[in-house]
Amino acid sequence: MELLNLSIRELNKLFVNKKAKPSELYSEIFDRSASSEAALHAHLSLFEETNLEKAKNSDERFSNSENVGLLDGIPLAIKDNINIKNEKTTCSSKMLSNFVSPYNATVISKLDTEQAIYTGKTNLDEFAMGSSTENSAFGLTRNPWNTDYVPGGSSGGSAASVASRSSIAALGSDTGGSIRQPASFCGLVGFKPTYGTVSRYGLVAFASSLDQIGPISKSVDDARIIYSSISGHDSLDSTSINDEQIDLPFDKNATIGIVKELMEDGISEESKKEVDKVIDILKQKGYNIKEVSLPLIKLSISIYYLIAPAECSANLARFDGVRYGLRVDGKTSYEMMENTRAEGFGDEVKRRILLGTYALSAGYYDEYYGKALRARKKMVDEFSSIFKECDYLISPTTPTEAFKAGEKTSNPLEMYMSDLCTIPANLAGLPAISIPTGLSSNNLPLGVQIMSKPLTDNSLLNFSEMLEKELDFNRTPEDWSK
Amino acid sequence: MSKKFDISNIAKLASVSLSDDEKQKLSSDLSVILEHVQALSNLELDTNIEDVYIHPLEKELVLDEDIEKPSLTHDEALSNAPKASDGKFMVPPSLE
C-alpha cells in the first residue's frame, strides 16, 4: 500500500485498525528518501537504523493497542538547527560540522513523548540565514517540483523532504518567513505559530525575538497535530508564554482584510491572482471582505534587516572556537577566535554579523537598531488597530513563484526582498500560515498567507482548513525522482 | 543616517578576520543594504526607546529562580570542546 501521500490522521487510523504498520511506512519513507536524495539533497543526515528500531517498537504498541497518540510511528524530518540528543546539529555551517548535541530541544522531548520517529536532519541556509537554501555549507537543496529551481529557505530541506514524500511532515524554523516561503515554493502548508507558544529551547538561535519553530506539512490538519504536540509553556525559554488561546469566528461572521501594501508593486500578477481566487471563494461563502492598509509594512524589510542582524551578531558571538565547534589555531586566543570565525562562517553569515555589529556599535545604536526597534513597535500598534476591524489578513506568501538556483545569489538585497510578505508577522509576533492555492504558468506552486492576531493559532488553523477544502489543491510534484 | 563605515574596524569588533577581497565585497554589499534601510530615517516616531519591549507580544522576559537543577554533566559539557584537558576548556594564551 502506498502510504506516503496519506495524512497523519489517515495513517493513524490504518495503524489502529492494523491495516498497516509504522515499520512499513518507515521503509517506504526510507526508500523514497534514498532514491530522491541525489536529485534533491533535502537531508544532511538520515537516521535509518536507529529509527527503524523505533518504528518496530511502534508496531508493537499498535499491535498491543498501547499506542500513544496521533504521532506514534509517524516519520518527521527535523531542520538541522534543532537539537536531537546524540545526533549532529550542523546548522549547515562548517562551524558546527562535527557538533553532536548533548541534549534535546524541548520540541524534540515533546515529540519523543508522543513516540514520533525522525527520518533525519534537513538542509538549511547556514544558521537559517537565507531564502533559498543556497547558503548551506554542504550544498544546495533543489525544488522537487522542478530541480532547476530553489525550494525556498531557510527551511528548504524540510520543505523538499515533505514535498518529495521523504517524510510525512517536518519541523522548520521561521525568523522572517523561513517556514512559510519554502512551504509555498514547494506546494505545502507552512505554519509559524504565535511567538512564544512554541519553546525555542534547543533551537540554535539566530534572531531571538523573531525565531519560532513550526511545522511544514501536506495539510492544515497535519500542521495542527504537530503544533498541538510541540506548543506549550517552557520555563527553559524566557520568552515562552503561558496564555490561553483566543477564539475567533471562522465561519462567515469573520471579517477578512486584504493587505493593500502586499498587493502593490513588487508582487507578481500571478501571486496577486491567487489572493483574488481566495477572495472570490470567501465572497461566495458570504464573508465580509475589506481592503486594509498597514503603511509600515513597506518598511518591514528595512526594520528586519537591522533587528535580525543585530540579534544575530550577539547570538553568534558564542561561536568562538572555545567550547564547541570549529577551531582554527592562532597565537593568541583573540587571533584563534578571528581565524575560527573567518573559516567557519560563510558569506551571508559574515554579512549579517557585520551589519548587526555596525547597527549596534557606539554612535550608531540609536540611529539604526534603536530606530528599528521603535519602528517595530509602531508596526505592532498598526497591526493591533487593524485586528480590531478584521479577524484574518490575507496576502500572497511570496512576491513570486520559486526562482531559479543561482538567480539571486549575487544580489543579497534582491534575495531579502523575497521575504517581503512574510517578515511583518515575525516583527509583530503573529501566527501566520501559508497554504497552497495553485500552480504558476511554469507549473510551480503558489500560495497565500493568512495572518491573525497573537494567540489565535487554533482559529487560524480552522479558518485555513476551511479554505484548504474549498481550494482543493491536492497536487504533488511528478518529476522529482527522474 | 550615515553610510560611512570602516569595514576593518567592524570586522575587528565582530572578531572575524577578512581577506582584502572579502573587505571589498562586504563593504559594497553593506553599502547597498544601508542605503535601503535609510528609508527608516524619514520615519516620524513618537515612541520612546524605553517603551519598547524585546518580546513582540510586549511581555516581560521571565527568568527562573536561581536554584540548582540537573544540567549537563561535566563530560557532556566538554564533549564538543575543540581542546580540553583535566576537565577544562583549553585555549591559547591571551597575551603573546
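**Reading an interface and a helix**

Biologist: In this predicted model, how many residues does each chain bring to the contact between chain A and chain B?

Modeller: The contact takes 57 residues from chain A, while chain B contributes 47 residues. On the side of chain A that touches chain B, at least two residues each come from α9 (300–315), α10 (333–344), α11 (347–360), α12 (366–386), α13 (412–417) and α14 (423–428) of chain A. The largest share of that side, 10 residues, is supplied by α12(A).

Biologist: How do the residues of the side of chain A that touches chain B divide into nonpolar, polar and charged?

Modeller: That side of chain A holds 29 nonpolar, 16 polar and 12 charged residues.

Biologist: Turning to a single helix, which residues of α3(A) are buried, and why do they line one face of the helix?

Modeller: The general idea is that an α-helix has 3.6 residues a turn, so residues three or four places apart point the same way. In this structure the buried residues of α3(A) are A:Asn51, A:Lys54, A:Ala55, A:Ser58, A:Asp59 and A:Phe62. Because these buried residues fall within an arc of 155° when α3(A) is seen down its axis, they line one face of the helix. Elements that cover them include α1 (8–16), α2 (22–40) and β3 (117–122) of chain A, whereas A:Glu49, A:Thr50 and A:Ser63, on the other side of α3(A), are exposed.

Biologist: What span should the 16 residues of α3 have, and what follows the helix?

Modeller: At 1.5 Å a residue, helix α3 (residues 48–63) of chain A should span 22 Å, which agrees with the 22 Å between its end C-alpha atoms. After α3(A) comes A:Ser65, which has a positive phi, near 55°.

How values were computed
Residues numbered from 1 in each chain as written. Chains lettered and ligands numbered in written order. Predicted model: local features only at pLDDT ≥ 70, side-chain atom pairs only at ≥ 80, totals over all residues. Helix = DSSP H or I, 4+ residues; strand = E, 2+ residues; numbered from the N terminus. Expected span 1.5 Å × (residues − 1). Buried ≥ 20, exposed ≤ 12 C-beta atoms within 10 Å, placed from the backbone. Arc of directions from axis to C-beta. Contact = placed C-beta atoms within 7 Å. Nonpolar A, V, L, I, M, F, W, Y, C, P; charged D, E, K, R; others polar.
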